[in-house]
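Reader: I am new to reading protein models. Could you walk me through this one, step by step?

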Amino acid sequence: MVMDQKAASRAVLLEVLQIAAAFRDKLVVVGGLVPELYFPGKNHIGSLDVDLAVSIGALDKNAYQSLASLLLKAGYSHQTGPTRFIRQVNGLKDPIKLDLICGQYQTGEKVDVVPIGELAINTLRGLDLAFDNPVMMDIVGTMPDGTKNTVKAQVVRLDAYILVKAFALNERKKEKDAYDIAFVLANYQPNLKDLAARVRGLLGNGLAKEGLEILKSKFSAIDTIGPVWAAQVYRENGDDFDQAQRAAFENAQSLFSAI
């Protein structure tokens with residue numbers, strides 16, 4: 001069975017969650033696969049990578065080494081650092097990357113890496129928000145070997161997700177970060193007022209406030225990077241640039257006005 005990159009990323013996610021079933025309550029699915037999990041069939045472009053947020057409870061030396069050992073035994077290999085693994089999928093030139101990442105404040109103080117014995121897990125600003133009541137979800141699909149499977153996994157809530165993505169949008173040049181935010185706003189149900197209420201509920205957290213301010217800045221005008229970058233990705237997927245740009249801007253303003 002030959003998979004395209006999008007299908008392969010989902011297949012790797014399923015496989016990793018199956019391998020790491022014993023760590024289910026310590027892992028949260030984050031990153032570019034999240035919109036597709038919430039809005040299947042809505043033509044999201046998917047992701048080329050798999051990102052899992054790891055809670056501090058899974059980071060003692062023995063637990064991490066057990067998880068790493070399971071991945072290596074299943075055919076994964078280290079690429080550059082102890083928190084990145086790669087999985088070659090039949091038919092694809094480039095392997096799928098799996099990143100294990102941690103929030104900056106999970107040890108009680110802000111850190112760039114969380115040490116685990118002689119190893120370290122990289123942290124990402126804002127990712128601590130992913131552990132605020134994630135949604136337990138059944139993820140259905142095909143594994144890399146072609147077998148069908150269903151796994152249970154914690155997935156970041158969408159209100160936290162758009163704020164985590166805002167930090168990413170602020171710290172790198174990756175147009176898809178803006179696209180993922182715009183896609184969530186365009187497809188969220190029942191409406192953006194409901195999403196705004198959920199975001200409001202997070203604002204007792206300083207990171208959430210910071211993320212919201214970043215989001216407002218990046219989508220403050222129709223020609224800021226939020227709407228423009230989102231529209232660039234929409235255009236690559238066959239959509240009209242101007243319509244996508246305006247929708248991204250107007251949906252963001254509707255969200256902000258309701259918060």
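Author: One term comes before the rest. Helices are DSSP runs of H or I with at least four residues, numbered from the N terminus. Keep in mind that this is a predicted model.

Reader: In which helix does A230 lie?
Author: Find the run that covers residues 225-236. A230 falls inside that run, and its name is helix α8.

Reader: Is A230 buried or exposed?
Author: Buried means under 20% relative accessible area. A230 has 0% relative accessibility, so it counts as buried.

Reader: How far apart in space are A230 and Y179?
Author: In sequence, A230 and Y179 are 51 residues apart. Y179 is also among the residues that A230 contacts beyond its neighbours within four places in sequence. Others on that list include E175, A178 and A248. From C-alpha to C-alpha, A230 and Y179 are 3.9 Å apart.

Reader: Which helices do the buried residues of α8 pack against?
Author: Start with the helix itself. α8 has 12 residues and spans 16 Å from first C-alpha to last, close to the 16 Å expected. Its buried residues include W229, A230 and Y234. They pack against α4, α5, α7 and α9.

Reader: Which residue just after α8 takes a positive phi?
Author: Look just past the end of α8. There a phi of about 100° appears, and the residue is G238.

Reader: Where do the buried residues of α9 fall, seen down its axis?
Author: α9 covers residues 241-258 and reaches 26 Å, close to the 26 Å expected for its 18 residues. Its buried residues are F241, A244, Q245, A248, F249, A252, L255 and F256. They line one face of the helix, because they fall within an arc of 130°.

Reader: Why can residues three or four places apart point the same way?
Author: Think of the helix as a spiral. Residues three or four places apart point the same way because an α-helix has 3.6 residues a turn.

Reader: Which exposed residues does the face of α9 turned away from its buried side carry?
Author: The buried side of α9 packs against α4, α5, α6, α7 and α8. Now turn to the face that points away from it. The exposed residues there are D242, Q243 and S257.

Reader: How many residues of α4 are buried?
Author: α4 has 14 residues and reaches 20 Å, close to the 20 Å expected. Its buried residues pack against α2, α5, α6, α7, α8 and α9. The helix is largely enclosed by the rest of the structure, because the buried count is 12 of the 14 residues.

Reader: Which element gives the most to the lining of the largest pocket?
Author: The largest pocket has a volume of about 640 Å³. Of the 31 residues that line it, the closest to its centre are D49, D51, D99, R172 and K174. β2, β5, β7, α4 and α5 each supply at least two lining residues. With five residues, the element that gives the most is α4.

Reader: How many residues of the lining of the largest pocket are charged?
Author: Sort the lining by class. It has 10 nonpolar and eight polar residues, and the charged ones number 13.

Reader: What percentage of the residues of the protein chain count as buried?
Author: The chain has nine helices and nine strands. Among its contacts with a separation of 6 or more, 65% join residues 24 or more positions apart. Of the 259 residues, the buried share is 53%.

Methods
Residues numbered from 1 in each chain as written. Predicted model: local features only at pLDDT ≥ 70, side-chain atom pairs only at ≥ 80, totals over all residues. Heavy atoms only, no water. 1 Å grid on protein atoms, 1.4 Å probe; cavity = no way out; pocket = protein on both sides within 12 Å on 5 of 7 lines; lining within 4 Å. Points joined across faces, edges and corners; volume = space filled by probe spheres on them. Nonpolar A, V, L, I, M, F, W, Y, C, P; charged D, E, K, R; others polar. Buried < 20%, exposed > 50% of the residue type's maximum accessible area, 1.4 Å probe, protein only. Contact = heavy atoms within 4.5 Å. Expected span 1.5 Å × (residues − 1). Arc of directions from axis to C-beta.
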